[in-house]
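Here is a quick tour for anyone meeting this protein for the first time. Have a look at the sequence and the 3D view, then read on.

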Amino acid sequence: MKITRETKSYRQSVLNSKKYIRLGAKHKGEYILKQNINYIEANECYTWFHLNNGTRLLSCKPIGYYEDELADDRFLRIHRSYLINLSNLKLYERKYRLVHLKGEITLPVSYRKNNTFSKNLQSA
């Protein structure tokens, strides 16, 4: 692939933008729009990104890294294994501690995160 000025400027605009998050290694990787992420799932030391279009992407970094990276972008940790995009939230059942997201996805909210999650929903 021949690198032109257009691809360099596009790459620089993506690198400097706060709308994207980088998955992958230092030299290889993929940039994803943060708004396209439905939820993030922990799998030991790896992290699965579940996108709105139904695809999944794997990252070699733990979920705690992405929790810090996405804290200001309406992402919230609801469980030890799940970090959700609040803009995709359809319904929250506090009694059953369940979150319903777009795409017919239901995730559990941990007992310890239940109160802080409901407080964050009321303030948002």
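Which residues of helix H3 (residues 114-123) are buried? Keep in mind that we're looking at a predicted model. In H3, the buried ones are Asn 114, Phe 117 and Ser 118. Looking down the axis of H3, you'd see these buried residues fall within an arc of 95°, so they line one face of the helix. Turn to the other side of H3 and you meet Lys 119 and Ser 123, which are exposed. And what covers the buried residues of H3? The cover includes four strands: E6 (75-77), E7 (82-85), E8 (89-93) and E9 (98-101).

Now let's step back to the whole chain. The protein has three helices and ten strands. Starting at the N terminus, the order of elements is α-β-β-β-β-β-α-β-β-β-β-β-α. There are 124 residues, and 32% of them count as buried. Among contacts with a separation of 6 or more, 32% are between residues 24 or more positions apart. As for the outside, the accessible surface comes to about 8700 Å², with 49% of that belonging to carbon and sulfur atoms.

Next, the charged pairs. How many salt bridges does a search of the whole structure find? The search turns up three, and here they are:

| Salt bridge | N to O distance |
|---|---|
| Asp 73 and Lys 34 | 2.8 Å |
| Arg 77 and Glu 67 | 2.6 Å |
| Lys 90 and Glu 104 | 3.4 Å |

Take the pair of Asp 73 and Lys 34, joined by a salt bridge. This pair links distant parts of the chain, 39 residues apart: Asp 73 sits in the loop between helix H2 (63-69) and E6, while Lys 34 sits in the loop between strand E2 (30-33) and strand E3 (37-43). Asp 73 is partly exposed, at 29% relative accessibility, whereas Lys 34 is buried, at 13%.

Then there's the salt bridge between Arg 77 and Glu 67. Here the link runs from strand E6, home of Arg 77, to helix H2, home of Glu 67, and the two are ten residues apart. Arg 77 is buried, with a relative accessible area of 16%, and Glu 67 counts as partly exposed at 27%.

That leaves Lys 90 and Glu 104, whose closest N and O atoms are 3.4 Å apart. Lys 90 lies in strand E8 and Glu 104 in the loop between E9 and strand E10 (105-108), so this pair ties together parts that are 14 residues apart in sequence. Glu 104 is exposed, with a relative accessible area of 70%.

Key: Residues are numbered from 1 along each chain as its sequence is written. This is a predicted model: local features need pLDDT of at least 70, side-chain atom pairs count only at pLDDT 80 or more; totals for chains, interfaces and linings use all residues. Side-chain values use heavy atoms; hydrogens and water are left out. Buried means under 20% relative accessible area, exposed over 50%, partly exposed in between (1.4 Å probe, protein chains only). Contact means heavy atoms within 4.5 Å. Accessible areas come from the Shrake-Rupley method with a 1.4 Å probe; for residues, only the protein chains shown count as cover. The arc is that of the directions from the helix axis to the C-beta atoms. A salt bridge is a side-chain nitrogen of Lys or Arg within 4 Å of a carboxyl oxygen of Asp or Glu.
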